[in-house]
Amino acid sequence: MNTSSHGLRAVKVIAIAVNDMARATHFYSEVLALEPAMEKGQLRGYRLGELVLMLKDEWYGTPTSEPNPRITIECDHAPDTEAYLRARSVTIADPVTVVEEGYLVGSFLDSEGNKFWFCSANG
């Protein structure tokens with residue numbers, strides 16, 4: 001896998017808003033027949049190659065026919081990536097924090113104000 005000088009490797013997760021988790025789970029698991037992405041015994045989403053499609057209910061976004069994914073980029077070590085971005089005057093929208101799944105996650109804004117998330121394993 002190619003890694004850039006700041007540790008960004010690949011898109012790991014795309015999160016999409018859903019209104020009805022049971023209906024969405026049926027659609028992705030039964031209709032599309034995607035493999036479940038499990039972590040610590042819990043369903044985290046569905047696999048599309050190396051990528052995980054994560055379903056988010058009770059989220060800030062709502063389903064829409066307009067593009068609405070949250071893109072998360074895997075990196076080598078999120079705190080180092082945050083430091084790299086800060087050193088280049090990139091706006092950090094969400095400083096790196098540990099999330100319950102054991103990942104270090106943060107976000108930044110691109111030049112147009114689009115938010116991109118980045119993450120690494122916590123360990």
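These exercises work through the sheet, its helices and its salt bridges.

The model is predicted: local features need pLDDT of at least 70, side-chain atom pairs count only at pLDDT 80 or more, and totals for chains, interfaces and linings use all residues. Residues are numbered from 1 along each chain as its sequence is written, and side-chain values use heavy atoms, leaving out hydrogens and water.

**Exercise 1. Trace the sheet and find which strands stand at its edges.**

Step 1. Take strands as DSSP runs (E, at least two residues) and helices likewise (H or I, at least four), both numbered from the N terminus. Two strands pair if DSSP finds at least two bridges between them.

Step 2. Read the order: β2-β3-β4-β1-β5-β8-β7-β6, an open sheet of eight strands with mixed pairing.

Step 3. Look at the ends. β2 (36-39) and β6 (92-98) each have a single partner strand, so one side of each lacks a neighbour in the sheet.

Step 4. Check one end. β6 pairs with β7 (residues 103-109) in the antiparallel sense, over four bridges. Val98 has Leu104 of β7 as its bridge partner.

**Exercise 2. State which strands each helix touches.**

Step 1. Count a contact when heavy atoms lie within 4.5 Å. Axes are lines fitted to C-alpha atoms, for helices over the stretch in contact; angles run from 0 to 180 degrees between N-to-C directions.

Step 2. Helix α1 (residues 21-31) packs on the sheet and touches β1 (8-17), β3 (42-48) and β4 (51-56). Its direction makes about 155° with that of β4.

Step 3. Helix α2 (residues 78-87) also packs on the sheet, touching β1, β5 (70-75), β6, β7 and β8 (115-121). Its direction makes about 160° with that of β6.

**Exercise 3. Describe the surroundings of β5.**

Step 1. Five of the six residues of β5 are buried (under 20% relative accessible area; exposed is over 50%, partly exposed in between; 1.4 Å probe, protein chains only).

Step 2. β1 pairs with β5 in the antiparallel sense over six bridges. β5 and β8 run parallel, joined by three bridges.

**Exercise 4. Work out which residues share the salt-bridge network.**

Step 1. Apply the criterion: a side-chain nitrogen of Lys or Arg within 4 Å of a carboxyl oxygen of Asp or Glu.

Step 2. Arg9 meets Glu74 at 3.5 Å, N to O. Arg9 lies in β1 and Glu74 in β5, so the pair ties together parts 65 residues apart in sequence.

Step 3. Arg9 also meets Asp76, at 3.1 Å. Asp76 sits in the loop between β5 and α2.

Step 4. Join the pairs: Arg9, Glu74 and Asp76 form the network.
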